[in-house]
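Good morning, and thank you for joining. I would like to take you through one structure, beginning with its general make-up and then turning to particular places in the chain.

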Amino acid sequence: MAKRRKGRQVNGVLLLDKPHGLSSNHALQTVKRIYFAQKAGHTGALDPLATGMLPICLGEGTKFSQFLLDTDKTYQVTAKLGIRTTTSDAGGEVVSEKPVEVSSEQLATALESFRGTTQQVPSMYSALKYKGQPLYKYAREGIEVPRESRDITVFNLDLLRFEHDEVELNIHVSKGTYIRTIVDDLGELLGCGAHVAHLRRSAVGNYPVDKMMTLPELEALLEQANEDGITPSDVLDPLLLPMSSAVDGMHCVYVDDMSANFLRHGNPVQAYNAPEEGSVQVYIGEDENDADAEFIGVGFINDDGLLAPKRIVVI
């Protein structure tokens, strides 16, 4: 007999404002407990020392977390010049200390080299895996493993503040970009070394910043609901964004109930409003003007020009 999963079926995306000092997994488990959810998953870890937007997918929403991993992100980072560390952030051991003799012109020239599409070698203190193990586990054992450079894009890089040995930046980057590596490379370009002193993720894709919730806010709502005899889901669930928000921007395709049933059973269907290729959002409904259209997942256009299932909601 299959083991019954603990918790309730709740589906959606919570925008968590992750606090400083907490791992993304710890934050995830806390949200899962507060919501008493059967399933939960985050969409790209933030380092314990980092704060900011951490979308957490609940229930069937976990099927779409990968799409958020692939979206671009925006960070505010404070780089401390003159000190280089093992982890390229404030949690590492000091590798070198050098005097900071950097002019505004030198900084501007160095920053320009990061804008646009460049190559980046991932940090050893990242969650990327090598032979099944995260790189940071090798790094903690003092083992250096080969990492391939890869293309990243810095869409915007704005200098917010420069005061002697501190540089504050706003950076909008493509998926897979390591801010700590940018800061470390910046320090090397300036000849003095640098590390991340503070890091905050301010945006993931187009998610609204004003929808973020902190753990204390969630805990307070849960406690108040219990004190007032209100079902916690009545106050917590309205905070969730729809699962479709994880794939916002994809072309939308509308199908009828029969076609939706075929998709749910793994079969491709004809969709007359589909593009020629790529992934699409799939809804049961007439068209974009149908207020009752129901999101059922993500499909893709196969080699036969048919709409095939990729990630389909089962509720």
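**Overall architecture**

The protein has eight helices and 16 strands. Please keep in mind throughout that this is a predicted model. Taken along the principal axes, the C-alpha atoms fill a box of roughly 70 × 55 × 40 Å. The protein has 315 residues, and 44% of them count as buried. As for contacts in the protein with a separation of 6 or more, 68% of them join residues 24 or more positions apart.

**Two helix pairs**

Let me turn to helix packing. The first pair on my list is helix α1, residues 24–35, with helix α6, residues 215–228. The axes of α1 and α6 come within 10 Å and cross at roughly 15°. Because an angle under 35 degrees counts as roughly parallel, α1 is roughly parallel to α6. The crossing in which α1 passes α6 is left-handed. On the α1 side, the contact is made by A27, T30, V31, R33, I34 and Y35; on the α6 side, by L215, L218, E219 and L222. Sorted by class, this contact of α1 with α6 has seven nonpolar residues, one polar residue and two charged residues.

The next pair is helix α3, residues 104–112, and helix α5, residues 179–190. Their axes are 10 Å apart, and the helices pack at an angle of about 135°. That angle makes α3 oblique to α5. The crossing of α3 and α5 is right-handed. Here Q106, L107, A110 and L111 in α3 meet L186, L189 and L190 in α5. By class, the contact of α3 with α5 has six nonpolar residues and one polar residue, with no charged residues.

**Annotated positions**

I now come to the UniProt record, where the entry is unreviewed. Which residue does UniProt list for "active site"? The residue listed is D47. In the model, D47 is found in the loop between β2, residues 40–42, and β3, residues 51–58. Its relative accessibility is 30%, so D47 counts as partly exposed. If we leave aside neighbours within four places in sequence, D47 is in contact with K18, L22, D89 and R180.

The same unreviewed entry carries the annotation "domain: tRNA pseudouridylate synthase B C-terminal", which covers residues 180–247. Over residues 180–247, the chain is 44% helix and 16% strand. The end C-alpha atoms of that stretch are 27 Å apart.

**Backbone angles**

A word on phi. Most residues other than glycine have a negative phi. Two residues deserve attention in this regard. F36 has a positive phi of about 50°, although F36 is not a glycine. The place of F36 is in the loop between α1 and β2. With a relative accessibility of 46%, F36 counts as partly exposed.

H164 also has a positive phi, near 55°, in a residue other than glycine. H164 has its place in the loop between β10, residues 150–163, and β11, residues 166–173. Is H164 buried or exposed? At 56% relative accessibility, H164 counts as exposed.

**Two strand residues**

Finally, I would like to consider two residues in strands. K129 lies in strand β8, residues 129–130. K129 is exposed, with a relative accessible area of 62%. K129 and R147 are 18 residues apart along the chain, and their C-alpha atoms are separated by 9.8 Å.

G297 lies in strand β15, residues 294–301. Its relative accessibility is 0%, and G297 therefore counts as buried. Which residues are in contact with G297, leaving aside its neighbours within four places in sequence? They are F64, V280, Q281, V282, R311, I312 and V313. G297 and L263 are 34 residues apart along the chain, with their C-alpha atoms separated by 9.6 Å.

To close, I would return to the residue that the unreviewed UniProt entry lists for "active site", D47. In this predicted model, D47 is in a loop between two strands, β2 and β3, and its contacts include R180. Thank you; I welcome discussion.

Notes
Residues are numbered from 1 along each chain as its sequence is written. This is a predicted model: local features need pLDDT of at least 70, side-chain atom pairs count only at pLDDT 80 or more; totals for chains, interfaces and linings use all residues. Side-chain values use heavy atoms; hydrogens and water are left out. Axes are lines fitted to C-alpha atoms, for helices over the stretch in contact, and angles run from 0 to 180 degrees between N-to-C directions. Helices (H or I, at least four residues) and strands (E, at least two) are DSSP runs, numbered from the N terminus. Angles under 35 degrees count as roughly parallel, over 145 as roughly antiparallel, 65 to 115 as roughly perpendicular and the rest as oblique. A crossing is left-handed if the near helix is turned anticlockwise from the far one by less than a right angle, and right-handed if clockwise. Contact means heavy atoms within 4.5 Å. Ala, Val, Leu, Ile, Met, Phe, Trp, Tyr, Cys and Pro count as nonpolar, Asp, Glu, Lys and Arg as charged, and the others, Gly among them, as polar. UniProt positions are given in the numbering used here, feature names are shortened, and annotations may be inferred rather than shown by experiment. Buried means under 20% relative accessible area, exposed over 50%, partly exposed in between (1.4 Å probe, protein chains only).
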